[in-house]
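The following paragraphs offer a guided reading of a protein model and its bound ligands. The reader may wish to keep the sequence and the coordinates in view throughout.

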Amino acid sequence: MSVIKKVLISRDELNEKVKELGNKISMEYEGKDLIMVGVLKGGFIFLADLIRELKIPVEIDFISVSSYGSSSKSSGVVRIIKDIDVSITNKHVIIVEDIIDTGLTLKYLKEMLYTRGPLDVKIIAALDKPSRRKVDIDIDYKGFTIPDEFVVGYGLDYASKYRNLPDVCILNEEIYKS
Ligand SMILES: O=P(O)(O)OC[C@H]1O[C@H](OP(=O)(O)OP(=O)(O)O)[C@H](O)[C@@H]1O
Ligand code: HPA
Ligand SMILES: [Mg+2]
């Protein structure tokens, strides 16, 4: 039995979209002091691809967050496991995420980063799953809108695995049951 039920977004489609987003950001941030903050772990592949499509200088850093278990996730309480190391004061910030689901992680992160005096904080997400949104969140740059399916690959995991799949895939249900 194959682990993958279906490829939802192929690596070629991802590549093309990342190029498009890289060009757009390069134009819009020309001459600006830009820092991209990848949200670990899921955001690392998208961030790595995206910055190589930029034609402007960019600083990068990473932040690692964890929600306080599933019940408190709905309250939007997020714990910082690893903060960024650099100052974002007077810089333009773009938070880089693999997926926006309920929106709680990003809402918290955006508000938290705004307390540190950046010029602005924008959001880029490879995937948007709007059907599960709990809070309103502006996605400034978006890759693909996806249906309410659990996906893996391109940074996204199931039980800490499958992040390395180059395509965004829907897992075979047998994997969940086993
Ligand atoms: O919009 P939300 O409902 O907040 O969900 C989205 C977040 O959940 C996933 O991360 P997760 O916390 O599973 O950690 P990971 O990135 O290390 O897999 C995903 O990578 C986003 O960061
Ligand atoms: O569909 C998903 N897959 C993996 N991780 C996730 N975190 C939120 N949604 C997803
Ligand atoms: Mg994540």
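In this predicted model, ligand 1 has 14 residues around it, of which Lys41, Gly42, Asp101, Thr102 and Thr105 come nearest. Strand 2, strand 5 and helix 4 are the elements that give two or more residues to this shell. The greatest contribution is that of strand 5, which provides four residues. In terms of class, the surroundings of ligand 1 comprise five nonpolar, four polar and five charged residues.

Lys41, one of the residues that come nearest to ligand 1, is located in the loop between strand 2 and helix 2. The peptide bond that leads from Leu40 into Lys41 is cis, and its omega is near -5 degrees.

What surrounds ligand 2? Its shell is made up of Ile99, Asp101, Phe150, Val151, Val152, Leu156 and Asp157. Here the division is five nonpolar and two charged residues, with no polar ones. Asp101 thus appears in the shell of ligand 2 and is also listed among the residues that come nearest to ligand 1.

The description now turns to the sheet. Six strands form an open sheet in the order 4-3-2-5-6-7, and their pairing is mixed. Why is one side of strand 4 and of strand 7 left without a neighbour in the sheet? Strand 4 (78–82) and strand 7 (141–145) stand at the edges and have a single partner strand each, so one side of each lacks a neighbour in the sheet. On average, and with direction ignored, neighbouring strands are turned by 30 degrees against each other.

At one edge, strand 7 pairs with strand 6 in the parallel sense, over four bridges. Within this part of the sheet, Ile124 stands opposite Tyr141 of strand 7. Helix 1 packs on the sheet and touches strand 6 and strand 7, its direction making about 160 degrees with that of strand 7. Helix 4 also packs on the sheet, where it touches strand 2, strand 3 (59–67), strand 4, strand 5 and strand 6. The direction of helix 4 makes about 170 degrees with that of strand 5.

In soluble globular proteins, nonpolar side chains tend to be buried together. The largest nonpolar core of this model holds 37 residues, and those that touch the most other members are Phe46, Ile94, Ile95, Val96, Ala125, Tyr154 and Cys169. At least two residues of this core come from each of helix 1 (11–28), strand 2 (34–40), helix 2 (44–51), strand 5 (92–100), helix 4 (104–114), strand 6 (120–128), strand 8 (151–152) and strand 9 (168–171). Cys169 illustrates how such a residue is placed: apart from residues up to four places away in sequence, it touches Ile4, Lys6, Val7, Leu8, Val151, Val152 and Gly153. Val151 and Val152 are also part of the shell around ligand 2.

The loop between strand 8 and strand 9 contains Ala159, and Ser160 lies in this loop as well. Each has a positive phi without being a glycine: phi is near 50 degrees for Ala159 and about 70 degrees for Ser160. Are these residues buried or exposed? Ala159 has 8 C-beta neighbours inside 10 Å and therefore counts as exposed. Ser160 counts as exposed because it has 7 such neighbours inside 10 Å; the threshold for this class is 12 or fewer.

Technical notes: Residues are numbered from 1 along each chain as its sequence is written. Chains are lettered from A and ligands numbered from 1 in the order in which they are written. This is a predicted model: local features need pLDDT of at least 70, side-chain atom pairs count only at pLDDT 80 or more; totals for chains, interfaces and linings use all residues. A nonpolar core is a set of buried Ala, Val, Leu, Ile, Met, Phe, Trp, Tyr and Cys residues joined through C-beta atoms within 7 Å. A residue is buried if 20 or more other C-beta atoms lie within 10 Å of its own, exposed if 12 or fewer, and partly exposed in between; C-beta atoms are placed from the backbone. Two residues are in contact if their C-beta atoms, placed from the backbone, lie within 7 Å. A residue is near a molecule or strand if its C-beta atom, placed from the backbone, lies within 6 Å of it. Ala, Val, Leu, Ile, Met, Phe, Trp, Tyr, Cys and Pro count as nonpolar, Asp, Glu, Lys and Arg as charged, and the others, Gly among them, as polar. Two strands pair if DSSP finds at least two bridges between them. Axes are lines fitted to C-alpha atoms, for helices over the stretch in contact, and angles run from 0 to 180 degrees between N-to-C directions.
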